[in-house]
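Me: I'm new to this one and would like to know what the labels rest on. Can we go through them step by step?

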Amino acid sequence: ESEESVEVCVALSASYFQDIIVSLEPTAIVGNPEYVAISADFDDAILQITVPSGSTGGCASIDIVDDALVERTENFTVEFTYTGAQEGVTFSGGSLATVNIKNDDTLLLMFDPSMHTFIEGVGQVNFTIVASSLASFDYNFIVTAKDISATIGLDYQFNSTTVYYTAGSGVTMFFVTANILGDSIFELAETFNLNLTTDM
(Lines give C-alpha, C1' and ligand atoms only; values in the text may rest on other atoms or scores of the structure.)
Protein backbone atom coordinates (compact mmCIF):
# COMPACT_ATOMS: atom_id res chain seq x y z
CA GLU A 1 0.00 0.00 0.00
CA SER A 2 2.78 2.44 0.87
CA GLU A 3 4.41 1.95 -2.54
CA GLU A 4 1.76 4.41 -3.83
CA SER A 5 1.52 2.91 -7.32
CA VAL A 6 1.57 -0.38 -9.17
CA GLU A 7 3.00 -0.93 -12.62
CA VAL A 8 0.90 -2.95 -15.05
CA CYS A 9 2.52 -4.12 -18.26
CA VAL A 10 1.58 -5.55 -21.64
CA ALA A 11 3.95 -7.91 -23.43
CA LEU A 12 3.83 -8.78 -27.14
CA SER A 13 4.96 -12.13 -28.48
CA ALA A 14 6.85 -10.26 -31.19
CA SER A 15 7.48 -6.67 -32.22
CA TYR A 16 5.09 -4.99 -34.65
CA PHE A 17 5.80 -2.48 -37.38
CA GLN A 18 3.22 -0.01 -36.01
CA ASP A 19 2.45 1.44 -32.59
CA ILE A 20 -0.11 -0.62 -30.67
CA ILE A 21 -2.38 1.13 -28.17
CA VAL A 22 -3.97 -0.85 -25.35
CA SER A 23 -6.50 0.62 -22.90
CA LEU A 24 -6.44 -0.34 -19.21
CA GLU A 25 -9.49 -0.04 -16.96
CA PRO A 26 -8.98 -0.70 -13.22
CA THR A 27 -12.20 -2.09 -11.72
CA ALA A 28 -13.30 -3.22 -8.26
CA ILE A 29 -14.12 -6.93 -7.96
CA VAL A 30 -17.54 -8.02 -6.77
CA GLY A 31 -17.04 -10.26 -3.75
CA ASN A 32 -16.30 -10.37 -0.03
CA PRO A 33 -15.96 -6.68 0.96
CA GLU A 34 -13.15 -7.51 3.40
CA TYR A 35 -10.90 -8.42 0.47
CA VAL A 36 -12.19 -6.17 -2.32
CA ALA A 37 -10.48 -2.88 -3.08
CA ILE A 38 -12.89 -0.04 -3.82
CA SER A 39 -12.30 3.07 -5.88
CA ALA A 40 -11.12 4.89 -2.74
CA ASP A 41 -8.18 2.45 -2.61
CA PHE A 42 -6.88 3.02 -6.15
CA ASP A 43 -7.20 5.39 -9.10
CA ASP A 44 -9.83 3.88 -11.39
CA ALA A 45 -9.17 6.22 -14.32
CA ILE A 46 -8.82 4.50 -17.70
CA LEU A 47 -5.20 4.50 -18.90
CA GLN A 48 -3.47 3.71 -22.16
CA ILE A 49 -0.27 1.86 -22.92
CA THR A 50 1.41 2.63 -26.22
CA VAL A 51 3.72 -0.11 -27.41
CA PRO A 52 6.01 1.63 -29.92
CA SER A 53 6.67 0.03 -33.27
CA GLY A 54 9.57 -2.38 -33.05
CA SER A 55 9.05 -2.87 -29.28
CA THR A 56 7.58 -5.86 -27.50
CA GLY A 57 5.95 -4.25 -24.48
CA GLY A 58 4.94 -1.25 -22.46
CA CYS A 59 3.74 -0.33 -18.97
CA ALA A 60 1.48 2.11 -17.13
CA SER A 61 1.24 3.02 -13.45
CA ILE A 62 -1.96 2.89 -11.39
CA ASP A 63 -1.96 5.04 -8.27
CA ILE A 64 -2.63 3.29 -4.94
CA VAL A 65 -4.09 5.22 -1.99
CA ASP A 66 -2.12 4.78 1.23
CA ASP A 67 -4.52 5.20 4.15
CA ALA A 68 -4.37 4.59 7.90
CA LEU A 69 -7.11 1.95 7.88
CA VAL A 70 -6.10 -1.59 8.85
CA GLU A 71 -7.26 -3.84 6.01
CA ARG A 72 -7.02 -7.35 4.66
CA THR A 73 -5.05 -7.84 1.45
CA GLU A 74 -7.41 -6.31 -1.11
CA ASN A 75 -7.59 -6.81 -4.84
CA PHE A 76 -8.96 -5.28 -8.00
CA THR A 77 -8.82 -6.19 -11.68
CA VAL A 78 -7.37 -4.41 -14.68
CA GLU A 79 -9.11 -5.08 -17.97
CA PHE A 80 -7.02 -4.78 -21.12
CA THR A 81 -8.87 -3.61 -24.23
CA TYR A 82 -7.46 -3.45 -27.75
CA THR A 83 -9.66 -1.66 -30.27
CA GLY A 84 -7.16 -1.33 -33.10
CA ALA A 85 -7.47 -3.11 -36.42
CA GLN A 86 -3.88 -4.20 -36.96
CA GLU A 87 -3.77 -7.57 -38.60
CA GLY A 88 -2.74 -10.46 -36.38
CA VAL A 89 -2.90 -8.57 -33.05
CA THR A 90 -4.95 -10.47 -30.45
CA PHE A 91 -4.91 -11.19 -26.71
CA SER A 92 -3.82 -14.57 -25.44
CA GLY A 93 -4.28 -15.84 -21.90
CA GLY A 94 -7.24 -13.54 -21.19
CA SER A 95 -7.68 -9.78 -20.98
CA LEU A 96 -7.82 -9.41 -17.17
CA ALA A 97 -5.07 -8.98 -14.60
CA THR A 98 -5.54 -9.02 -10.81
CA VAL A 99 -3.71 -6.56 -8.55
CA ASN A 100 -3.29 -7.27 -4.81
CA ILE A 101 -2.88 -4.40 -2.34
CA LYS A 102 -1.13 -5.54 0.83
CA ASN A 103 -1.94 -3.70 4.04
CA ASP A 104 0.94 -1.81 5.68
CA ASP A 105 -0.85 -0.68 8.85
CA THR A 106 -0.82 -2.42 12.23
CA LEU A 107 -3.70 -2.82 14.65
CA LEU A 108 -2.68 -2.83 18.33
CA LEU A 109 -5.04 -3.43 21.24
CA MET A 110 -3.92 -2.20 24.65
CA PHE A 111 -5.27 -1.37 28.10
CA ASP A 112 -5.25 2.34 28.89
CA PRO A 113 -3.91 2.82 31.47
CA SER A 114 -1.94 -0.40 31.64
CA MET A 115 -1.96 -0.51 35.48
CA HIS A 116 -4.80 0.13 37.93
CA THR A 117 -4.98 0.39 41.72
CA PHE A 118 -8.29 -0.15 43.53
CA ILE A 119 -9.35 -0.21 47.17
CA GLU A 120 -10.50 -3.61 48.43
CA GLY A 121 -14.28 -3.95 48.41
CA VAL A 122 -14.84 -1.03 46.01
CA GLY A 123 -17.15 -3.15 43.83
CA GLN A 124 -17.48 -2.73 40.07
CA VAL A 125 -14.54 -1.19 38.25
CA ASN A 126 -14.04 -0.44 34.57
CA PHE A 127 -11.11 -1.17 32.26
CA THR A 128 -10.61 0.63 28.95
CA ILE A 129 -9.12 -1.06 25.89
CA VAL A 130 -7.93 1.14 23.03
CA ALA A 131 -7.44 0.13 19.40
CA SER A 132 -4.60 1.95 17.65
CA SER A 133 -6.49 2.15 14.33
CA LEU A 134 -9.82 1.57 12.69
CA ALA A 135 -10.21 -1.61 10.64
CA SER A 136 -12.09 -2.38 7.43
CA PHE A 137 -13.18 -5.80 8.73
CA ASP A 138 -15.06 -7.17 11.74
CA TYR A 139 -13.01 -8.75 14.51
CA ASN A 140 -13.28 -9.81 18.12
CA PHE A 141 -10.95 -10.38 21.03
CA ILE A 142 -11.22 -12.19 24.34
CA VAL A 143 -10.34 -10.74 27.74
CA THR A 144 -9.47 -13.25 30.47
CA ALA A 145 -8.19 -12.92 34.03
CA LYS A 146 -5.13 -14.57 35.57
CA ASP A 147 -4.39 -14.74 39.29
CA ILE A 148 -1.02 -13.39 40.40
CA SER A 149 -1.38 -12.99 44.17
CA ALA A 150 -5.12 -12.21 44.18
CA THR A 151 -7.58 -15.11 43.89
CA ILE A 152 -10.57 -14.98 41.57
CA GLY A 153 -13.81 -15.56 43.47
CA LEU A 154 -12.25 -14.44 46.75
CA ASP A 155 -10.54 -11.13 46.00
CA TYR A 156 -12.14 -10.22 42.70
CA GLN A 157 -14.66 -11.48 40.18
CA PHE A 158 -14.20 -11.38 36.41
CA ASN A 159 -15.97 -13.32 33.71
CA SER A 160 -14.12 -14.11 30.48
CA THR A 161 -15.47 -11.58 27.99
CA THR A 162 -15.58 -11.54 24.18
CA VAL A 163 -15.53 -8.01 22.74
CA TYR A 164 -16.74 -7.37 19.19
CA TYR A 165 -15.70 -4.70 16.68
CA THR A 166 -17.88 -3.94 13.63
CA ALA A 167 -16.28 -2.44 10.54
CA GLY A 168 -17.54 1.06 9.86
CA SER A 169 -18.57 1.68 13.48
CA GLY A 170 -15.74 4.15 14.11
CA VAL A 171 -15.17 2.62 17.55
CA THR A 172 -11.63 2.59 18.94
CA MET A 173 -12.43 2.23 22.66
CA PHE A 174 -13.88 -0.82 24.40
CA PHE A 175 -14.79 -1.46 28.03
CA VAL A 176 -14.89 -4.46 30.35
CA THR A 177 -15.76 -4.62 34.04
CA ALA A 178 -14.63 -6.54 37.12
CA ASN A 179 -15.77 -6.60 40.72
CA ILE A 180 -13.25 -5.97 43.49
CA LEU A 181 -14.37 -7.96 46.52
CA GLY A 182 -13.70 -7.21 50.18
CA ASP A 183 -12.95 -9.32 53.25
CA SER A 184 -11.92 -8.82 56.87
CA ILE A 185 -8.45 -10.34 56.48
CA PHE A 186 -5.39 -8.12 56.78
CA GLU A 187 -3.44 -8.58 53.55
CA LEU A 188 -0.69 -7.04 51.50
CA ALA A 189 -1.61 -5.58 48.12
CA GLU A 190 -2.76 -8.32 45.76
CA THR A 191 -2.52 -8.50 42.00
CA PHE A 192 -4.26 -10.05 39.02
CA ASN A 193 -3.78 -9.62 35.29
CA LEU A 194 -6.25 -9.15 32.45
CA ASN A 195 -5.05 -10.64 29.15
CA LEU A 196 -6.13 -9.94 25.57
CA THR A 197 -6.16 -12.63 22.89
CA THR A 198 -7.30 -12.36 19.27
CA ASP A 199 -6.95 -14.43 16.11
CA MET A 200 -6.49 -11.46 13.77
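Me: How many bridges join strand E2 to E5, and which way do the two run?

Reply: Keep in mind that this is a predicted model. Six bridges join strand E2 (residues 20–28) to E5, and the two run antiparallel. Two strands count as paired with at least two bridges between them, so E2 and E5 qualify. As one of the details, Leu-24 has Phe-80 in E5 as its bridge partner.

Me: What makes E3 and E6 edge strands?

Reply: The open sheet has four strands in the order E3-E2-E5-E6, with antiparallel pairing. Strand E3 (47–51) and strand E6 (96–101) each have a single partner strand, so one side of each has no neighbour in the sheet. On average, neighbouring strands here are turned by 30° against each other, direction ignored.

Me: Why is Thr-77 called buried?

Reply: Buried means under 20% relative accessible area. Thr-77 comes in at 16%, so the word fits. Thr-77 sits in strand E5 (residues 74–81). Leaving aside neighbours within four places in sequence, its contacts are Glu-25, Pro-26, Thr-27, Ile-29, Ala-97 and Thr-98.

Me: And why is Thr-177 called partly exposed?

Reply: Its relative accessible area is 38%. Partly exposed lies between the 20% limit for buried and the 50% limit for exposed, so 38% earns that label. Thr-177 belongs to strand E12 (residues 173–180).

Me: Which residues does Thr-177 touch, not counting those up to four places away in sequence?

Reply: Gln-124, Val-125, Asn-126 and Phe-158.

Notes: Residues numbered from 1 in each chain as written. Predicted model: local features only at pLDDT ≥ 70, side-chain atom pairs only at ≥ 80, totals over all residues. Heavy atoms only, no water. Buried < 20%, exposed > 50% of the residue type's maximum accessible area, 1.4 Å probe, protein only. Contact = heavy atoms within 4.5 Å. Axes fitted to C-alpha atoms, helices over the stretch in contact; angles between N-to-C directions.
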